[in-house]
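Got the viewer open? Let's walk through this one stop by stop, with something to select each time.

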Amino acid sequence: MLAFFLKRLASLVFTMLVVSALVFAAFEFTPGQMATKILGPFSTQDQRDRLMEELGLHRPVWERYFEWLGNVLSGDLGYSTLYKLPVNDIIWDRLGNTLTLAAIAFAVMVPLSVLFGISAGMREGSKLDRTISVASIVTTSVPEFASGVFLASIFVIGLGWLPGTATLEAGARWPIAAQLVLPVTVIVLYDLGYVVRMVRASMVEVMTRPYIRTAILKGLTFRDVILKHALRNAMIAPFTVILLQINYMITGVVVVEAVFAYPGFGRMLLDSALSQDVATVQAASLFAVLVSVSTQIAGDLGYMMLNPRIRFS
Amino acid sequence: MQFATATETNSRPGAGAGKPPVLELRNVSISYFVRAGEMKVVPNISFKLGQGEAIGLVGESGCGKSTVAFAVMQYLGTVGRVTGGQVLFEGKDLAKLSPAELRALRGRKISMVYQDPMSSLNPVIPIGKQLMEVPMIHFGENEQQARARALQMLREVNLPDPETMMTRYPHQLSGGQQQRVVIAMALMAEPSLLVMDEPTTGLDVTVEAAVLDLVARLREKHNTAIVFISHNLGTVVRICDRIGVMYAGELVEEGPIADVFRNPRHPYTRGLLSCIPTLGADKNSRPLTAIPGQVPSILNRPKGCVFQPRCRFAIAERCSQDPLPTLSLSERHRVKCVRAEELPSHDKLPQGIEAVAIGDQPVDAEAVLRIAHLRKTYHQSTGMFGGKGYDVHAVDNIELEANRGQTLAIVGESGCGKSTLAKVLTGIELGSAGMVTLAGKEISQIPVEDREADTKRAVQMVFQNPDSTLNPSHSIGYVMERAIRKLRGLSGREAKNETSTLLKTVNLPLEFASRMPRQLSGGQKQRVAIARALAGEPDLILADEPVSALDVSVQAAIINLLVDIQAKRGATLIFISHDLSVVRYLADYVAVMYLGQVMEFGRTDEIFAPPYHPYTEALLSAVPIADPDVHQRRIILEGAIPSPQNRPKGCPFATRCPRKLGPICDNEAPPMQTTASGHRIACHIPLDDLKKVDKVVVA
Amino acid sequence: MAMSDTAGAVTRTWARVSLLRESPVGMVGAFLVVFWVLVAIFAPVISPFGPNSNDLDALVDPTPNAIHWFGTDMQGRDILARVIWGSRTVLTVAPVAVAIAYAIGSLLGLLAGYYRGWADTVINRISDIILSFPAIVLYIIVIMRFGPSALNIILAVIFIASPQIMRIVRGMTLELREREYVAAAKMRGESALYIMFIEILPNARGPLIVDACLRMGYTTIAIGVLGFLGLGLPPPTPDWGGMVKDSYALMSIFPHMALFPAAAITSLVVGFSLLADGMREISMRD
């Protein structure tokens, strides 16, 4: 178990190194391009040469990569050309905001998806099953920006119950709790269906297993069969999938944040990308990958804990 | 309907006089409702089971025996339903019980033991908790009481170290141990009826023998009535008082074991008995008789007798009468055949007769295949970066030879290395050390891709699993023509002609060329696989458990086909099997393997008579024989087969050997002792002592 | 023989597809997908206006009316026309990208699963790296670096989808390569390519067809999302995601401008998903 964890940790370090090189290389323009980009197309060759000298751009790529990597590791994430601030000064607030949104969405989504998935999967082909299945296919198929449009036209424009933006500004017309309702709903709608289908599929599979028959023919009530014998087995396979949603919620909420003007991490990534703010995009990408790889490891570990067949082998 | 009149007479004399039978099925019909419509799987079945009595229901796959078992449990899934008649348990109609009453009965009064114990136990709950659940629901016991009861039960089913066993998860147990746990769980509440659905199918034969022995003992002790479902007539003989033979959903013959086996009156029962190879007969003394034709489809059941289309005694006008009456031959022996009383007496197979030495065998038979000191070692890496790890010796220092035109059988239980050996011979795996020479050419070091065209042609294989042997995307004709083209270089018209010839050789009609594998039955697929192997006119045919997945009546036909083809073509056959009866029937030479080593090798008649290797002796004793008049010495092997990575240092069989001499067996590899005729036994016990035992199987 | 076997395979595949009639959910999905495919093919015939023709008179009141059934946008362009032409954009980009991703992913998956060893290690390592990026981050980096164009979007989809498809095919290959018919093919001397493409791949088609349907849906969403984020096709190409983006700020005044394209993309994705579910249902039957 420990060996496995260390192995995965080593692979995380390896992945992060490669990813950092890729992220660096993706924005590694030729030095001349870089200078032109900063000084504009009407700069003279002389100006550009001087800038390159100043920025050390004439040095070999790998040297500049290691310098950048060293800076990143020592906590210097560079300077954001969009926000006119060190990246360090913005990224943590933005991460915090996104984490709030993600945590609420996760807390709503997980119990609901387990409840729906288990209820649908325990009697395959029942009316309840078919209703939940089709509903979850439909909700995951609505792109977030489209469901944002639909929900906004009902609750914001039609009924006027909720605000159409979630800028998190305190003292605004709407309390922060109200501002969060629509973003959370959009995330949960999009994500829920997918997880429900995973849980359902796993539950359907478990219900056909002979040990469920053993439990029934032992004289257990259906309720006990589900709760004591089926549930835990049915959660093994979807566990990883559920944890991976953390990853989606932290980095994949770009769209939701764009729809509701939410000052989060995803929004920051998008805005900096649209304005060619290289340092911010690089830092954000590294964080995104780190979160994604870490949740994968957490998922694998949890899977092992849940499954005695792997735990004791 | 007809059974109803006869049922009154067949309860065990004296058993529970006055009390209702434990179980009674009265004209029960069971159907599955599927998209195609109603499938009347069991049209009408009746039987009774007295207290403490055991009935075996036997039949081939799809005959409805498991359906009957689940009907007794009132558990037919969402598509199955009892559509008529009554299932009475201690006089109560189970269909009339409320769900709560039914729950109170299940696990308490009626419990079940299943096929495939591994998947019948919950993988994420420790054994102890699963056992304790039973008294906790049914007797309202607290954890402590339930725990004591569970421990007691684990002891009763002979599981070592019950305390530790309680904390184990199912996957940490061997198959035999798992089945003992399931049996313990079923008997926890001292039920009056135990339903066992193929409880030993999938277990190794020595493990099966120990489990059957345990069931017989517990049955005696607890006086539990048993419905024992099996496809293997031999296991029924070991457990049951009565036997019911099922065919296409009907109980065609039912009676006490001795009556039915000594005097089978239904042509199907006779057919079954004559298509099973037994330890006493071989291909030279008597060919197996396969039952022609196929089981009719449920949607297209013939009028009157269901067996009529395949029956050689059928007389159209009499056998088509509907409904067909059931005849009571004696008080307890019933047969659903109008001609039961007029059939000639049944010739029982010769049993336990000295095997005929291979007489017509040329004295200086030429060894085509020689295996010398062959090893196959897999490296299993564990540890963090794959640094550590251990070696699994799947095949360890094997020495064998096979003669031209003869059959060498390799027998052994799971993990003995027989299939690995086959993979090395085919070149799908490479040998780790040693040599394999085919007609003088070394082949164990050349992967199949790099073998010379002629070697590929010369070595072909027939595989075990009929469902995976043919590519589901390719038609039979395509498969055959492809094989003919690659192995013989023929194409076009020539390939088509050759396909027809080969299909004819394996007794398949020509139209099959245009069929897809899913349109074929298991036996037909195996025939195609044999035809495919024959495409290159091979010198050496490997057959890895080619009949183990087939029903006995089909099995006989395939075995006969192999014998026939080999005789005609003079090819050498290596037949890998776990089934000693089949091996006895078709082999000229036999090698007995255990944990990667050959324990005994010799002519078939020598293997089946003393001197025996102690392992062979135990194997022979374990084989269930479908004849109550044959006596086998009982040698029960305790413990499980060690996993190949924990193989004992000395003799691999030392951990379970009932004749173990002492530390020498644990520590030193046994010497290979050879008799004058070339019979080889790897054992520390001197040959003379090994000769001093009686035959295991005596008629 | 090989020919007749191919013909047979086509007939059998068709027979399976026609089984879809027994799945009501799948039929609804098929109907939606076929509807949009027809709209895309016949766009020039059925569209009332060109996608970029401006009706300046409509600027006064862009809401739906008898001439502009779905209304017009802020530049006076007919929304119905842009929705119709927008289907062409998505139904060209998505199938091309998915098809190429399938070709690459299947090839790599077959190689990794069949040969195992170092080929498997290398292919897996590379995919792990690509898959360690959240998809949206990769899209953003690729488009930011190479600029928004149909070709770049297709390349980005291929880059992201191929490793996923590779994993599916690899998993199935690992299982199928152990089948006895593969051993039989090796024993009669078939080449590795023959075994991969003729013996293994056809037997993986069931799950792959289902996955391809789902993937068409994901890709449609991805194209829409890129458009909505301003990373999609450059204007004035009619693009559903971009249409929503352009009008989103005016939602409170003219909700129709965003609602119609949002409904269009939703119905197409729902169509693909329901179709995939129907395919899954019929593939479970045998």
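Let's begin inside chain B. Select G56(B): across from this glycine, in strand β9(B), stands I243(B). Keep in mind that what you are looking at is a predicted model. Now widen the selection to residues 54–58 of chain B, which make up strand β3, and residues 242–247, which make up β9; the two pair in the parallel sense over 4 bridges.

Stay on G56(B) and look to its other named partner, F228(B) in β8(B). Strands β3(B) and β8(B) also pair in the parallel sense, this time over 5 bridges.

**Strand β8 of chain B**

Select residues 225–230 of chain B. How many residues of this strand are buried? The count is 6 of 6, so to speak a mostly covered strand. Colour one side, A225(B), V227(B) and I229(B), and then the other, I226(B), F228(B) and S230(B): both faces are covered. Next, add residues 193–197 of chain B, strand β7, which pairs with β8(B) in the parallel sense over 5 bridges. To find a spot where they meet, pick D197(B), which stands opposite I229(B).

**Zooming out to the whole sheet**

Time to show the full set. These strands belong to an open sheet of 8, with mixed pairing, and you can trace it in the order β6-β7-β8-β3-β9-β10-β12-β11 (chain B). Select 110–113 (β6) and 327–328 (β11) of chain B to see the edges: each has a single partner strand, so one side of each is left without a neighbour in the sheet. If you turn on hydrogen bonds, here is what to look for: strands of a sheet pair through backbone hydrogen bonds, either parallel or antiparallel.

**A second sheet in chain B**

Move on to an open sheet of 4 strands with antiparallel pairing, ordered β14-β13-β16-β17 (chain B). Its edge strands are β14, at 390–403, and β17, at 441–442, and each of them pairs on one side only. For the middle of that order, select residues 367–380 (β13) and 433–438 (β16) of chain B, which run antiparallel with 5 bridges between them. A good pair to label is A372(B) and its bridge partner M435(B).

**A hairpin with a twist in the backbone angles**

Still in chain B, select residues 23–34 (β1) and 80–89 (β4): 8 bridges join these antiparallel strands. One of the partnerships to click on is S31(B) with R81(B). From β4(B), carry on to residues 92–93, strand β5 of chain B, which pairs with β4(B) in the antiparallel sense over 2 bridges. Here L88(B) has D93(B) as its bridge partner. There are 2 residues between the strands of this hairpin, and E90(B) takes a positive phi near 45°.

**Where chains B and C come together**

Jump to chain C and select residues 192–200, helix α9, whose buried residues are Y194(C), I195(C), M196(C), E199(C) and I200(C). What covers them? Part of the cover comes from chain B, with α17 (476–488), and part from chain C, with α4 (79–115), α7 (150–176) and α8 (180–187).

**Last stop: chain A**

Finally, show chain A alone, with its 14 helices and 2 strands. The C-alpha trace spans about 90 × 55 × 30 Å along its principal axes. Its radius of gyration is 24 Å, whereas a compact globule of 313 residues would have one near 20 Å. Of the chain's residues, 51% count as buried. Colour by charge to pick out 24 positive and 21 negative side chains in chain A; the centres of the two sets lie 18 Å apart.

Technical notes:
Residues numbered from 1 in each chain as written. Chains lettered and ligands numbered in written order. Predicted model: local features only at pLDDT ≥ 70, side-chain atom pairs only at ≥ 80, totals over all residues. Heavy atoms only, no water. Rg over C-alpha atoms; globule rule 2.2 N^0.38 Å. Buried < 20%, exposed > 50% of the residue type's maximum accessible area, 1.4 Å probe, protein only. Lys, Arg positive; Asp, Glu negative; His and termini not counted. Charge placed at Lys NZ, Arg CZ, Asp CG, Glu CD. Pairing = 2+ DSSP bridges. Contact = heavy atoms within 4.5 Å.
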